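Work through the exercises below with the structure open. Each task is followed by a solution in steps.

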Amino acid sequence: MYVATKGGEAAIEATHGLIAEERRGDTSVPELAIDQVRNQLGRAVDRVMTEGSLYDPDLAALAIKQAQGDMVEAIFLLRAFRTTLPRFGATQPIDTSKMIIRRRISAAFKDVPGGQILGPTYDYTHRLLDFGLAKSDQAERVAPEATATDPTMPRVTDILGAQGLMQAETRSEPEAEPFDLGRQPMSFPADRDQRLQNLFRGDEGFVLALGYATQRGYGRNHPFVGEIRMGFVEVVFTPPELGFPISIGTIEVTECQMINQFQGAKGIEPMFTRGYGLAFGQSERKTMAMALVDRALKASELGEDRDHPPQDEEFVLAHSDNVEAAGFVSHLKLPHYVDFQSELSMLRGLRADALKTPGQEAAE
Amino acid sequence: MNSQAFHSVDGTYNFAYLDEQTKRMIRRTLLKAIAVPGYQVPFGGREMPMAYGWGTGGIQITASIIGKDDTLKVIDQGADDTTNAVSIRRFFQRVSGVKTTEETQKATLIQTRHRIPEKQLTENQILVYQVPQPEPLWKLEPREVETRKLHAYSEYGLMHVKLYEDISRHGEIITTYDYPVEVNARHIMSPSPIPKFDNPKMAMMPALQLFGAGREKRIYAIPPYTRVRSLDFDDHPFEIQRFEDPCALCGAEGVFLDEVILDDKGDHMFVCSDSDHCRERRAAGHAGHRASDAASIGFVSSEGEA
């Protein structure tokens with residue numbers, strides 16, 4: 001016999017106990033420490049910080065532990081915490097041309113001033129499971145001594161920009177405060193600051209799929225990796241009570257600038273156009289995908305046809321956020337029996353009418 | 001008010017969770033929404049510690065207007081004991097410490113999902129709806145840039161065509177919940193996914209009705225005693241659902257009923273969706289035809305508490 005489920009406080013208490021037990025798992029295995037997550041699952045931490053929209057590796061590691069490695073859940077935890085923080089103001093834009101570089105590559109030029117720096121990357125690993133990692137007593141692995149990099153490493157897109165070949169990015173209102181997705185509702189049509197914030201916080205899988213679609217012809221934008229750079233940048237803030245800029249710390253970021261062909265349009269001369277991607281930590285895949293989608297979303301201002309989803313800003317921006325998306329998909333688990341009852345009565349009525357009416361399919 | 005009064009019960013968060021600046025922003029949005037009944041006002045919705053789609057819009061409104069002297073009731077599908085209603089009620093107990101109740105007439109603030117209580121609300125009450133999709137035109141036009149224009153010009157032909165097509169195809173309008181309404185003879189509005197049975201209760205309601213859509217970051221409102229008309233045609237007037245049988249537990253008629261499946265052989269009964277209404281009637285001695293069965297399977301306890 002089925003008995004209607006009656007929710008209740010006891011059931012909720014019990015499920016909280018169950019997840020706590022599940023999270024800890026077998027108690028004969030040592031408990032995972034936050035610094036282990038932060039140090040040894042760094043790419044997970046980077047993704048949670050990026051999409052959680054908060055640069056704090058310790059809290060991101062805590063969120064990953066608390067969510068048992070469920071990334072979207074961890075991102076949600078970090079976002080919900082972020083919203084309780086006071087907002088002091090906006091920092092100066094970070095200057096990636098002054099980045100302390102760990103990795104820097106350009107696919108557009110064989111060599112660039114400052115050179116190509118491979119840095120840490122999985123790109124040339126053979127994807128063979130390393131059974132050595134399964135042993136806990138593995139020998140310490142030492143990276144070769146880093147060679148000093150050229151301190152002047154101009155951004156490739158700036159070099160092209162100086163020759164007038166690259167579309168310049170202009171701030172529409174230099175005095176205006178930047179849009180803040182954490183405080184303001186999305187509005188359409190969206191300015192680029194809003195678009196880039198949205199893509200930064202957007203789900204990596206979603207942005208990746210849309211970027212991939214542009215490569216397969218759904219909003220093709222002929223991209224070249226002008227430059228990917230990864231490293232540390234200073235964050236500079238001017239507290240109103242001081243009135244002069246101070247450095248408040250250093251963050252690790254990855255930046256991708258795509259160079260895209262543009263044949264020109266009425267009133268716009270032919271030039272290269274830019275797709276821009278940025279993320280916290282080492283998040284190269286995300287920044288590349290973001291740059292493809294950023295460029296696709298420029299279709300309207302460049303007078304290009306907008307025939308495909310990646311070029312449609314309402315489609316992209318309204319669906320990129322995995323906290324919103326996961327919430328709304330999961331709300332289908334909530335009881336809907338009032339609506340369902342309404343539909344059930346309606347369907348029974350329609351079926352009864354159909355069976356009564358001669359000449360209709362159902363009666364034959 | 002001393003600063004102590006602003007803190008939650010366990011001292012971890014501000015009273016009612018949101019900081020005072022955010023509450024003020026939401027209250028300003030509410031004033032605008034009340035001034036333009038049925039118009040969706042964008043607001044800087046915050047990330048809440050509950051998932052989007054699980055009532056974050058309603059929760060933000062409740063958090064912004066709740067005071068220490070309020071008595072809160074939370075229902076989902078008309079019932080106080082559904083899991084998410086329990087969860088939201090516990091949240092406010094924890095972060096505000098206000099009194100809560102299951103009795104409709106004792107509540108000053110009622111947060112609801114998918115129902116309006118059967119009992120007539122009063123001028124001293126506020127009803128806060130959780131809204132998943134605030135835009136009534138979304139199935140016809142998904143783009144906000146377009147729907148905003150349609151509302152601005154009162155260009156509602158699309159909606160009337162949709163309802164007309166229902167009639168030509170099925171002989172009746174087949175929308176059964178989230179049935180569109182016209183508010184104050186101006187804006188077409190989503191009443192949230194309440195059954196159309198509840199639509200007439202919105203009209204000229206003495207209580208203030210507030211609607212919060214957290215994920216979509218929109219707030220709208222119906223001030224007390226406002227005209228609310230469910231869309232229809234002269235030759236196809238709006239009708240609400242009618243149930244053949246009364247509530248199996250309390251015998252109530254003219255209320256919205258839920259169908260409860262009792263076994264795998266098709267046995268079922270219809271019971272009040274409004275659990276407080278049903279409880280009150282049973283306490284007053286009313287009994288439906290399955291009242292004793294329901295007690296024997298533990299659906300209601302023998303004291304008549306659902």
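**Exercise 1. A helix pair in chain A**

Which residues in H8(A) meet which residues in H9(A)?

Solution.
- Start with the source: this is a predicted model.
- Locate the helices. H8 covers residues 204–215 of chain A, and H9 covers residues 284–297 of chain A.
- List the H8(A) side: Glu204(A), Val207(A), Leu208(A), Leu210(A), Gly211(A) and Thr214(A).
- List the H9(A) side: Arg285(A), Lys286(A), Met288(A), Ala289(A), Met290(A), Leu292(A), Val293(A) and Ala296(A).
- Sort by class. The contact of H8(A) with H9(A) has nine nonpolar, two polar and three charged residues.
- Add the geometry. The axes of H8(A) and H9(A) are 8 Å apart, and the packing angle is about 55°.
- Classify the angle. Roughly perpendicular starts at 65 degrees and roughly parallel ends under 35. H8(A) and H9(A) are therefore oblique to each other.
- Give the hand. The crossing of H8(A) past H9(A) is left-handed.

**Exercise 2. A second helix pair**

Describe how H5(A) and H11(A) cross, and name the residues in contact.

Solution.
- Locate the helices. H5 spans residues 71–82 and H11 spans residues 322–330, both in chain A.
- Take the axes. They come within 9 Å and cross at roughly 110°.
- Classify. The range for roughly perpendicular is 65 to 115 degrees. H5(A) and H11(A) are therefore roughly perpendicular to each other.
- Give the hand. H5(A) passes H11(A) in a left-handed crossing.
- Name the contacts. H5(A) supplies Val72(A), Ile75(A), Phe76(A) and Arg79(A). H11(A) supplies Asn322(A), Val323(A) and Ala326(A).
- Sort by class. The contact of H5(A) with H11(A) has five nonpolar residues, one polar and one charged.

**Exercise 3. The chain A to chain B contact**

How many residues of chain A are in contact with chain B, and which elements of chain A take part?

Solution.
- Count both sides. 41 residues of chain A are in contact with 48 residues of chain B.
- Find the elements. H1 (9–24), H5, H11 and H12 (337–356) of chain A each give two or more residues to the side that touches chain B.
- Rank them. H12(A) gives the most, with 11 residues.
- Sort by class. This side of chain A has 19 nonpolar, 12 polar and 10 charged residues.

**Exercise 4. Two sheets**

Give the strand order in the sheet of E1, E2, E3 and E4 in chain A and in the sheet of E6, E7 and E10 in chain B, and name the edge strands.

Solution.
- Chain A: four strands form an open antiparallel sheet in the order E1-E2-E3-E4.
- Its edges are E1 (100–105) and E4 (273–280) of chain A; each has a single partner strand, so one side of each lacks a neighbour in the sheet.
- The twist averages 20° from one strand to the next.
- Inside the sheet, E2 (223–237) and E3 (246–260) of chain A pair antiparallel over 14 bridges. Ile228(A) stands opposite Cys256(A) in E3(A).
- Chain B: three strands form an open antiparallel sheet in the order E7-E6-E10.
- Its edges are E7 (187–189) and E10 (228–230) of chain B, each with a single partner strand, so one side of each has no neighbour in the sheet.
- The twist here averages 30° from one strand to the next.
- E6 (181–183) of chain B joins E7(B) through three bridges. Val183(B) faces His187(B) in E7(B).

**Exercise 5. Confidence**

Where in chain A does pLDDT stay under 50?

Solution.
- Take the whole chain. Chain A averages a pLDDT of 89, and 93% of the residues score at least 70.
- Find the stretch. pLDDT stays under 50 over residues 1–5 of chain A.
- Check its contacts. The model has nine for this stretch beyond four places in sequence.

Technical notes:
Residues are numbered from 1 along each chain as its sequence is written. Chains are lettered from A and ligands numbered from 1 in the order in which they are written. This is a predicted model: local features need pLDDT of at least 70, side-chain atom pairs count only at pLDDT 80 or more; totals for chains, interfaces and linings use all residues. Two strands pair if DSSP finds at least two bridges between them. Axes are lines fitted to C-alpha atoms, for helices over the stretch in contact, and angles run from 0 to 180 degrees between N-to-C directions. Angles under 35 degrees count as roughly parallel, over 145 as roughly antiparallel, 65 to 115 as roughly perpendicular and the rest as oblique. A crossing is left-handed if the near helix is turned anticlockwise from the far one by less than a right angle, and right-handed if clockwise. Two residues are in contact if their C-beta atoms, placed from the backbone, lie within 7 Å. Ala, Val, Leu, Ile, Met, Phe, Trp, Tyr, Cys and Pro count as nonpolar, Asp, Glu, Lys and Arg as charged, and the others, Gly among them, as polar. pLDDT is the predictor's confidence in each residue, from 0 to 100.
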